[in-house]
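User: Please take a close look at one part of this model, the ligand site, and set it against the nonpolar packing of the protein.

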Amino acid sequence: MALIVPGPASPVLSERLAQLMSLPRAKVNYRVFPDGESYIRIEGEVKGDVVVAVQSCSPPQDKRFFELLQLIDASTRAGASRVIVVCPYMAYSRQDKVFLDFEALSSRIVAKAIEAAGASSFVTVNIHSDLVLSYFNIKALNVDAFRVVARQLLDKDLVRPLIVSPDRKRYPEAQVVAEVLRGEASFFDKKRDLLTGEITTEEKMLDVEGRDVVIVDDIISTGGTIANAARILSKQKPKRIIAVCIHGLFVGDALKKMAEAGVSEVVSTDTIESEWSKISVAEAIAEVLQGMLEG
Ligand code: R5P
């Protein structure tokens, strides 16, 4: 038998997966000690079962990550035959390589720890860099949710949609969204100062007047990348600017910053659960899980 073990960061997605896949959900007792340490206990039998542990590593990342390790450890101790980790948002994946000498290779640390805790396989959604998957020795799969997101945008009756990636690296994803929406795709060139973290986006004229523009990115963190792109686009008189991402971290005043730059709507998915996570990636994950459970 297989069952869902929900982590404290992903109760909604866990429930959606359990319903879609008709799997039972284990009861998990989470507590935080007065000094801030986390406690996790699986209540009930998982002996011989395949556990699907669902936990996003959204902010506070380090705490969520440690809870994920606890879920894996508790599942193996409780006798699970396999532990499939579903980590819809994998923190630290932007540190996928060493950019400056003597930096910690954070994403590799995360991968190695998940493996060492006892995971048998790993599933994530739109990981920032595929390189991170190569740091696992266990099976590690990435689910692409950009088509799911694009299909949801079809309801918005977009006018001559232009899908813009705020960074050349995400242009392929913008093209996927444009294909579903029967629109066009374009991109900006963005640079990040490795020491200060400051972002600069090159000005570029695009054919946006009177059109609905959808800016797509994998992650929105401080909102700086989207705000830069939106400021350039706003000057060119689009009808609307909508910002869409898979992982909405929305740190600090990110939403205000994007709104001030001309973004009228922000949409994200339930890889990180919040009031903006209007699109669910559950079906896309369930499809991959089904194959793993049958295989
Ligand atoms: C970076 O390369 C990512 O794809 C996102 O563009 C970035 O993480 C967004 O961060 P922020 O919202 O802080 O600009």
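Analyst: A nonpolar core is here a set of buried Ala, Val, Leu, Ile, Met, Phe, Trp, Tyr and Cys residues joined through side-chain atoms within 4.5 Å. In this predicted model, the largest such core has 43 residues. Those with the most contacts inside that core are Leu17, Ile163, Val177, Val216, Val244, Ile285 and Leu289. Beyond its neighbours within four places in sequence, Val216 touches Phe146, Ile163, Val164, Ser165, Pro166, Ala174, Val177 and Val244. A second core, separate from the largest one, has 39 residues, among them Phe65, Leu69, Tyr135 and Ile272.

Now the ligand. The space it takes is the largest pocket. There are 15 residues around the ligand, and Asp217, Asp218, Ser221, Thr222 and Thr225 come nearest. Two side chains place an N or O atom at short range from a ligand oxygen: that of Thr225 at 2.5 Å and that of Asp218 at 2.6 Å. Gly223 contributes a polar backbone atom, 2.8 Å from an oxygen atom of the ligand. On its own the ligand has 380 Å² of accessible area, and the protein covers 95% of that.

Technical notes. Residues numbered from 1 in each chain as written. Predicted model: local features only at pLDDT ≥ 70, side-chain atom pairs only at ≥ 80, totals over all residues. Heavy atoms only, no water. Buried < 20%, exposed > 50% of the residue type's maximum accessible area, 1.4 Å probe, protein only. Contact = heavy atoms within 4.5 Å. Near = heavy atom within 4 Å. Polar contact = N/O pair within 3.5 Å; in protein donor to acceptor, adjacent residues only side chain to side chain. Areas by Shrake-Rupley, 256 points an atom, 1.4 Å probe, with all protein chains shown as cover. 1 Å grid on protein atoms, 1.4 Å probe; cavity = no way out; pocket = protein on both sides within 12 Å on 5 of 7 lines; lining within 4 Å. Sits in = over half its atoms within 2 Å of the grid points.
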